[in-house]
Amino acid sequence: MTGLDLLAKTGSRGLFIGGQWRESATGARFEVRDPADESVITDVADGDTHDAMAALDAAVTAQAGWADTPPRERGEILRRAFEAIMDQADDFAELISLEMGKTLAEAKGEVGYGAEFFRWFAEEAVRIHGRWMQAPAGGSRLLTIRKPVGPCLFITPWNFPLAMGTRKIGPAVAAGCTMVVKPAELTPLTMLALADVLTEAGLPGGVLNVVTTSDSKSLSATLMADDRLRKVSFTGSTPVGKVLVRQSADELQRVSMELGGNAPFIVFEDADVAAAVDGAMIAKMRNMGEACTAANRFLVHESVAREFADLLAQRMGSLTTGRGQTPGTDVGPLINADAVESVGKLVSDAVQDGAELVTGGEAPEGPGHFYAPTVLLGVSAEARIVNEEIFGPVAPITTFTSDDEAIAMANATEYGLSSYVYTRDLARTVKVAEALQFGMVGVNTGLVSNPAAPFGGVKASGFGREGGFEGIEEYLDTTYVAIPV
Ligand code: ADP
């Protein structure tokens, strides 16, 4: 078996609606390209608004029966799907690597991480409970009942084609919700393979519907205008998130938004600099920097900045860039030509403004959308590169002289998703972690993502949490029952 064989099993790269694979109403298809050489991998059905409606109809039809399915049964379907993904981890990794570009090792990491959301929520499915209490004044009893919110729409991005799906699908399945999933048009294949896995694990038809489309805007506008849709969970850019939140107002759908980030990576003067460089390599280079949690700004105390920059440049400069499936590749291609151009422009602007290019700074000749791992030192706090999401393998370093200055610089962004702190001082750790206006703080680590932890942001990074005990709350409503006795 290979990654693409996972798709051959479906017999189609069509739309998955009501438990059946089918073509789009118009018969239209769109191509999926390999970012390493721009060749066409395959094509998939290009769903339109009629297809989207058919998917919502299927989700609505399945909702009541699914909500009535015993929690243990829902959990066991997720558990079986977790095991099936892990059994086929190499194939899933290859498929992810092929359509998205990341190395096989990283793709395998995503498979494990993504599958864990199914295991975690398999365990959460049987721990949904309300409460029973006496009213403070006595007499009445107050009962709360938790119910699934109902049919959901999930819109996922291209950077983690599996994990961004499983962390929405897992809790929705556990809570008893049905759903329409719209994967990113750049990387739709993994979601199709996942639909097969869930079906084989016993998920009834209509609970999960997948509509691939090249016109996400029309799909979401149509579905969100329908009051039968009760929830939207989106992972992607902040501008699109804002459009969706506005759209959700008409039918007052519940919304979870996991949007952009501008993560600071703060290295204090007492930090273990070598460990900070190890962490920086992960926080920066995971997914070629194409992650909303990616360290976007390195704020380093001036006394260790040179040492940190040189060590980081050594590590970054020795990485091998290439096709994700080729053995020995450390860094795959960026997702498309626009990504390379936008990263290149941020770097050249910073250099023009006086930043020192310690390593990298160029885009190798095509084919393929590659950009060399890059380190910039002496970047001004006003530079565009530290105020916008880079989404590429570039580490801009800015220096600071006091804790207060570091905290102020870190918080001087509209975003508030991930942040990273390197220090050996416990009191400083607590003070800084409390002062950072971010949904997540990594202390002496470059990796915060964990299915058992609440992932999410504040400010322009959105709201709602995925994973942890909090993750399932996004998919549950509360009914309060007053019982006078
Ligand atoms: P990214 O920068 O990660 O591509 P986007 O926000 O553009 O972020 O895309 C994330 C997801 O949102 C993708 O599935 C994409 O198809 C979808 N999308 C993009 N624009 C819109 C829109 N206007 N309405 C609904 N979905 C959209």
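I began with the ligand and looked up which residues surround it. Of 15 residues around the ligand (a heavy atom within 4 Å), the nearest are Thr156, Lys182, Glu185, Ser216 and Ser237. The model is a predicted one, so I note its limits: local features need pLDDT of at least 70, side-chain atom pairs count only at pLDDT 80 or more, and totals for chains, interfaces and linings use all residues. Residues are numbered from 1 along each chain as its sequence is written, and side-chain values use heavy atoms, with hydrogens and water left out.

Next I checked the serines for polar contacts with the ligand (a pair of N or O atoms within 3.5 Å; within protein, one must be able to donate a hydrogen and the other to accept it, and residues adjacent in sequence count only if both atoms are side-chain atoms). Ser216 has a polar side-chain atom 2.7 Å from a ligand nitrogen. Ser220 has a side-chain N or O atom 3.5 Å from a nitrogen of the ligand. For Ser237, the partner is a ligand oxygen, at 2.7 Å from a polar side-chain atom. I also noted that the ligand alone exposes 550 Å², of which the protein buries 77% (Shrake-Rupley areas, 1.4 Å probe).

Then I turned to Thr235. I found Thr235 in strand β10, residues 231–235 (strands are DSSP runs of E, at least two residues; helices are runs of H or I, at least four; both are numbered from the N terminus). Is Thr235 buried or exposed? Thr235 counts as buried because its relative accessibility is 3% (buried is under 20%, exposed over 50%, partly exposed in between; 1.4 Å probe, protein chains only). Its side chain makes a polar contact of 2.7 Å with the side chain of Lys168. Leaving aside neighbours within four places in sequence, I listed its contacts (heavy atoms within 4.5 Å); among them are Ile155, Thr156, Glu258 and Glu466.

I moved on to helix α10, residues 273–285. The helix has 13 residues and spans 17 Å from first C-alpha to last, close to the expected 18 Å (1.5 Å times one less than the number of residues). Asp272 caps its N-terminal end, with a side-chain oxygen 3.2 Å from the backbone nitrogen of Ala274. After α10 comes Asn287, with a positive phi near 60 degrees. The buried residues of α10 include Val273, Ala276 and Met281. The buried residues of α10 pack against elements including α5, β13 and α11.

Last, I looked up the domains, whose bounds come from an automatic or database assignment. Domain 1 is 4–260 + 462–484, and domain 2 is 263–414 + 418–450. Their contact takes 24 residues from domain 1 and 27 from domain 2.
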